[in-house]
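Got your viewer open and a selection box ready? Load the model below, and we'll walk through it stop by stop.

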Amino acid sequence: MRPGMPAPGAPDAKAKSFGPSLKRLLHRLAPEKKLVWLVMLLAITSVVLNTLGPYMLGRATNLVFDGFVGKHQLRFPPGTTKDQAIDYLRASGNNTFADMVGAMDVTPGVGIDFTAVGHVLLLVLALYIGASVFGWLQAFLLNMVINRTVKRLRGEIEDKIHRLPLRYFDSQPRGDVLSRVTNDVDNVSQSLQQTMSQLIVSVFTVLGILVMMFWISPLLALIALLTVPAAIVVTALIAKRSKPHFVDQWKHTGLVNAQVEEAYTGHEIVTAFGRNQEVGAEFDKRNEELYQSSFKAQFISGLIMPAIMFLGNVNFVLVALVGGLRVATGQLSLGEVQAFIQYSRQFSQPLTQIGAMANLLQSGVASAERIFEILDAEEQSPDPIAADTRPVDRGEVEFEGISFRYEEEKPVIERLSLIAEPGHVVAIVGPTGAGKTTLVNLLMRFYELDSGAITIDGVDITRISRDNLRSRIGMVLQDTWLFKGTIRENIAYGNPNAGEEDILAAARAAYVDRFVHALPDGYDTVIDEEGSGVSAGEKQLITIARAFLAKPSILILDEATSSVDTRTELLVQHATAALRRDRTSFVIAHRLSTIRDADLIVVMEAGRIVEHGTHERLLEERGAYYRLYNAQFAAASADV
């Protein structure tokens, strides 16, 4: 990857508040401050050794040049002194040459002292080897510091994700959240690794070179510094012009990520409805917008480095010109000018590198801001300090006049009251959007009530820690969730401490044992996140086995049979019936045939309970349930 270029896929953008965000990001290095100070010390040592190199090479140049001039330019009789040679040159009208010889350490008739030159070159070699060793150690330790910091940052994000309410994820595109947790963290890591070491070395190099340049010649140092304000102004102007394009790039990157995530997640639906061209056209449009904003941002910000290099070349010409004149007048030696020219090139080099790093640093800080937005997001209300840890004895669940709304102006549930007796099966039915799933989500405390209370065995669930509450409740959802691993591992997810016999017992109870032996490796068959290799019904049976293993006191079945065939539905019904035995159960179902034996059927419409009773009683009342039942079975008869 070229230095100064953001990581592929990173959401490059100009940070909204660069200074405060950078300060906050660097503050995360605080736990490693001892190593950071050691890194600084190693960097200073490496820079000092590197900075002494050109000065010592200048001395070697002086030895060579002085020996050459003494041997070939000052051809005087043996025993002639330097002062005599200078007097002769002045008498001959060569005043400029005489001034130059006066500033040199030369002896007429004596050639190059190769022994002295060799000693100087060995010293220079030792300096550069030492600088490389200290530089390597500094880079190694800094890499350790940054990786530890990013590791802690990932851990904080992971912990934060678990403390965020579902309301947060409802309001954020899933692709954008995933991008923050993965791409942005990686971008921060790469930005710190590529910029921190370079910036530390560059800053100390600039300071060290300034000291040496003023030591050699204050005049030439002032000339070299003339280009610094110009470089700062040019960088600021270019950065200002690129800012709006970076903002657009950030926005369009997020839109493209969300579009891609949405299109690939729903690929089968897009294909089934023949909307591939529309989706492709929408992607092309957003991709073009991203291309335009990215091109403008990168092109304009990419002018920084060439501009600084041009100013560096101007500085080189001025230093070489003035330095040559001062050598000719004997005010500086050739080696000193050579060293100064090296310093001037080295002086512009770190400035150029800082300019090149500016784009990458902006991108890293912008990613850090996106991460900080997650870390600063409002968390779910904390669990009570003295949480109730009593186990569920009876399993009585009561909803006491609860109200809830996702959006302030749109009530979902209004003043709903309901009692689920211990060990009873409560079926919740109603049209889509009636609030059925919301009701059980409130029981699980995925969302907090606006008013009212929910109690389990008379204990308000807000007095129970979320982990303790959810450990008492088992859920089997319409959308099965499996992870990459063996079938045995997926079942054991319900109780990590379960033994082999417990796992097999749960599998037999959920009828998993009936199909698993037909698989190549039985319980050790590996399935991926999509559950490939097993059918939809078999995936549902695995999740039921997982719930069996968890041995919950309260059970929630949310459309557990909606996506399976008739034959498998019978197995699922038998499995869920066994799972519900002696447990308070909530069953959400659209297929009313699956809840005929429920102890209580609750009919919801628009967030309210409009009817409740047994299957037979509700049919006799000929109300909402009767209409739902007849409509469903009339449709089934018509299909036949």
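Helices (H or I, at least four residues) and strands (E, at least two) are taken here as DSSP runs, numbered from the N terminus. Counted that way, the chain has 22 helices and 12 strands. Before you click on anything, note that this is a predicted model: local features need pLDDT of at least 70 and side-chain atom pairs count only at pLDDT 80 or more, while totals for chains, interfaces and linings use all residues. Residues are numbered from 1 along each chain as its sequence is written, and side-chain values use heavy atoms, with hydrogens and water left out.

**The whole chain**

Start with everything selected and a surface switched on. The accessible surface comes to about 32600 Å², and carbon and sulfur atoms own 59% of it; the areas are Shrake-Rupley values with a 1.4 Å probe, and for residues only the protein chains shown count as cover. Of the 640 residues, 45% are buried, where buried means under 20% relative accessible area, exposed over 50%, and partly exposed in between (1.4 Å probe, protein chains only). Now think about contacts, meaning heavy atoms within 4.5 Å. Among those between residues at least 6 apart in sequence, 80% join residues at least 24 apart.

**Helices 7 and 8**

Select S189, in helix 7 (residues 174–216). What does S189 touch, beyond residues up to four places away in sequence? The list is I146 and V150. S189 counts as buried because its relative accessibility is 9%. Draw a C-alpha to C-alpha distance from S189 to N147: you should get 7.2 Å, across 42 residues of sequence.

Next, go to helix 8 (residues 218–225) and colour its buried residues, L220, A221, I223 and A224. They sit on the same side of helix 8, because they cover an arc of only 160° around the axis; that arc is taken from the directions from the helix axis to the C-beta atoms.

**An open sheet**

Show strands 2, 1, 4 and 5. They form an open sheet in the order 2-1-4-5, with antiparallel pairing; two strands pair if DSSP finds at least two bridges between them. Which strands stand at the edges? Strand 2 (410–420) and strand 5 (459–460) do, and each has a single partner strand, so one side of each is left without a neighbour in the sheet.

Zoom in on strand 1 (residues 397–407), which is joined to strand 2 by seven bridges. One pair to label is R405 with its bridge partner P411 in strand 2. Then add helix 14 (residues 436–443), which packs on the sheet and touches strand 1, strand 2 and strand 4 (451–456). Its direction makes about 110° with that of strand 1 (axes are lines fitted to C-alpha atoms, for helices over the stretch in contact, and angles run from 0 to 180 degrees between N-to-C directions).

**Strand 10**

Pick strand 10 (residues 584–588): five of its five residues are buried, so strand 10 is largely enclosed by the rest of the structure. T584, F586 and I588 cover one side, with S585 and V587 on the other. Strand 3 (residues 425–429) runs parallel to strand 10 and is joined to it by four bridges, with V426 opposite F586. Strand 9 (residues 554–558) is also parallel to strand 10, through five bridges; there, I554 has T584 as its bridge partner.

**The cores**

A nonpolar core here is a set of buried Ala, Val, Leu, Ile, Met, Phe, Trp, Tyr and Cys residues joined through side-chain atoms within 4.5 Å. The largest one has 43 residues, and I487, I491, V512, I595 and Y625 touch the most other members. Helix 19 (residues 536–550) gives the most to this core, with seven residues. Apart from it lies another core of 32 residues, including F404, I428, L469 and I556.

Centre on I487. Leaving aside neighbours within four places in sequence, I487 contacts V512, V516, L519, G522, Y523, T525, I527 and I542. Hop to V516 in helix 18 (residues 513–516), which counts as buried because its relative accessibility is 0%. With the same neighbours left aside, V516 is in contact with I487, G522 and Y523. From V516 to E538 is 9.0 Å, C-alpha to C-alpha, for residues 22 apart in sequence.

**Last stop: H615**

Select H615 in helix 21 (residues 615–621). Is H615 buried or exposed? It counts as buried, because its relative accessibility is 7%. Not counting residues up to four places away in sequence, H615 touches R596, I601, Y625 and Y629.
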